[in-house]
Amino acid sequence: MVQSLLVYGELFMEHTQELDKALNELKRITGITMDVSAETPEETELALTQIRCLCTAYKEKYNKTDFLQSLMKSGVPSYDIAERASRLHIAPDEKRVLFLLEARVLDEAVTAILKNLFPSQTRTYLVPMSETTLVILRPVKTGETAESMRRVARTIVDTLNMEALTHVQLSYSSIIETLADLSGAFRETTLALKVGKLFYSEQTIFPYNELGIGRLIYQLPITLCENFLKEIFGDDVPEGLDEDTASTVNKFFQNNLNIAETSRQLHMHRNTLIYRLEQVQKRTGLDLRTFEDAMTFKIAIMVMNYLKTERNH
């Protein structure tokens, strides 16, 4: 009988200690202090189970990832941001930049590489937004500039390309002053990624403030774009260029209409390049060797790509 009482007492003490730990954990993650009165091991075990369930439910509902996802999707009331951020130990007024990464697949290898690039002590948060997109929310250090952010973006893309062997594209926002600005920054980067992939597909990094004429075209009404193409080409609007011609024209534009330099970079005879440009002129009526026609053609191609994308949606 005495031995049974000793075992019973030890069990009660063990459960009481576990209950104290669970109550401390509840206070740590929620800030709520609770007193639980239990007189038997059975009551203590039941209370312990309930407290642990509360902790689990709270973590699932109020973890950092869920909170940041909700912020980006404007799902957190402004009056609630500071309180929830405090509970999760996230500084609400720290300056940050939002990088939006898109890859074909965001697997464990990609996540592991990013965690190595941004250890927990950097206060950088990795927030998955879909099967193919992930947000990297990084604090801005004292003295960092716009060029610093560009280097960070380049490091992310190059590292994933080399180590994960995956093609990624990335946009990034202007500086975010507070967590309340996070939803606006997410809209910025989402737009930048869409515009970048549509109009500058040969690039991998799209700063929000460097979208150029692509931003303007993306926001134009479809009817206005169609009228613009009819004005340039009449009723016979070309479908587009074949891959070789498009590559040649893009390189010609990148070299500021310099025939000699374009020929050298493409390992193409000068006469072959001129022939291809003349073929474009026959089809479109635009001589790409002149600045005005080249500019008109460049804008027209961007508008055609935009319309094609919109019609496919």
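Is Asp66 buried, partly exposed or exposed, and what is its relative accessible area? In this predicted model, Asp66 comes out as partly exposed, with a relative accessible area of 25%. Its side chain meets that of Arg84 in a salt bridge, with 3.8 Å from N to O. Asp66 belongs to helix α3 (residues 64-72) and Arg84 to helix α4 (residues 78-87), so this pair ties together parts that are 18 residues apart in sequence. Arg84, for its part, has a relative accessibility of 10% and therefore counts as buried, since the cut-off for that label is under 20%.

That pair is part of a bigger tally: the structure holds 13 salt bridges. Another one brings together the side chains of Glu94 and Arg123, at 2.2 Å from N to O. Here distant parts of the chain get linked, because Glu94 sits in the loop between α4 and β1 (96-103), while Arg123 sits in the loop between α5 (108-117) and β2 (125-128), 29 residues apart. Glu94 is buried at 16% relative accessible area, whereas Arg123 is partly exposed at 45%. A third salt bridge pairs the side chains of Glu278 and Arg289, with 4.0 Å from N to O. Glu278 is in helix α12 and Arg289 is in the loop between α12 and α13, and the two are eleven residues apart. Both ends of this pair are partly exposed: Glu278 has a relative accessible area of 34%, and Arg289 has 33%. Salt bridges that share partners also join Glu94, Arg96 and Arg123 into one network.

Next up is helix α9. The helix runs over residues 222-233, and at 1.5 Å a residue its twelve residues should span 16 Å. The C-alpha atoms at its ends are 17 Å apart, which agrees with that expectation. Which residues of α9 are buried? They are Cys225, Leu229 and Phe233. These three cover an arc of only 50° around the axis, which puts them on the same side of α9. The pattern fits a simple rule: an α-helix has 3.6 residues a turn, so residues three or four places apart point the same way. The face of α9 turned away from the buried side carries Thr223 and Glu231, which are exposed. As for the cover over the buried residues of α9, it includes α12 (270-284) and α13 (291-312). Just after the helix comes Gly234, which takes a positive phi of about 75°.

Two threonines further along the chain make a nice pair to look at. Thr248 is found in helix α10 (residues 243-254), and Thr262 is found in helix α11 (residues 259-266). Thr248 is buried, with a relative accessible area of 3%, and Thr262 is buried too, at 0%. What does Thr248 contact, once its neighbours within four places in sequence are left aside? The list is Thr262, Leu266, Met268, Leu273 and Arg276. With the neighbours within four places set aside again, Thr262 is in contact with Thr248, Lys251, Phe252, Asn255 and Leu273. So the two threonines touch each other, and Leu273 turns up as a contact of Thr248 and of Thr262. Looking further afield, Thr262 and Met162 are 100 residues apart in sequence, and their C-alpha atoms are 29 Å apart in space.

Leu98, in strand β1, is another buried residue, with a relative accessible area of 0%. Leaving aside neighbours within four places in sequence, its contacts include Met72, Val135, Ile136 and Leu137. Also among them are Ser171, Tyr172 and Ser173, along with Ile176, Leu182, Ala185, Phe186 and Thr189. Not every part of the chain comes close to Leu98, though: Asn305 is 207 residues away along the chain, and the C-alpha atoms of the two are separated by 27 Å.

Finally, there is the surface. Which residues form a nonpolar patch there? Ile32, Met34 and Leu54 do, with about 260 Å² of accessible area together. Leu54 lies in helix α2 (residues 41-62) and is partly exposed, with a relative accessible area of 44%.

Conventions:
Residues numbered from 1 in each chain as written. Predicted model: local features only at pLDDT ≥ 70, side-chain atom pairs only at ≥ 80, totals over all residues. Heavy atoms only, no water. Helix = DSSP H or I, 4+ residues; strand = E, 2+ residues; numbered from the N terminus. Buried < 20%, exposed > 50% of the residue type's maximum accessible area, 1.4 Å probe, protein only. Contact = heavy atoms within 4.5 Å. Patch = residues over 30% accessible without salt bridge, like charges linked within 9 Å, V, L, I, M, F, W, Y side chains within 5 Å. Areas by Shrake-Rupley, 256 points an atom, 1.4 Å probe, with all protein chains shown as cover. Expected span 1.5 Å × (residues − 1). Arc of directions from axis to C-beta.
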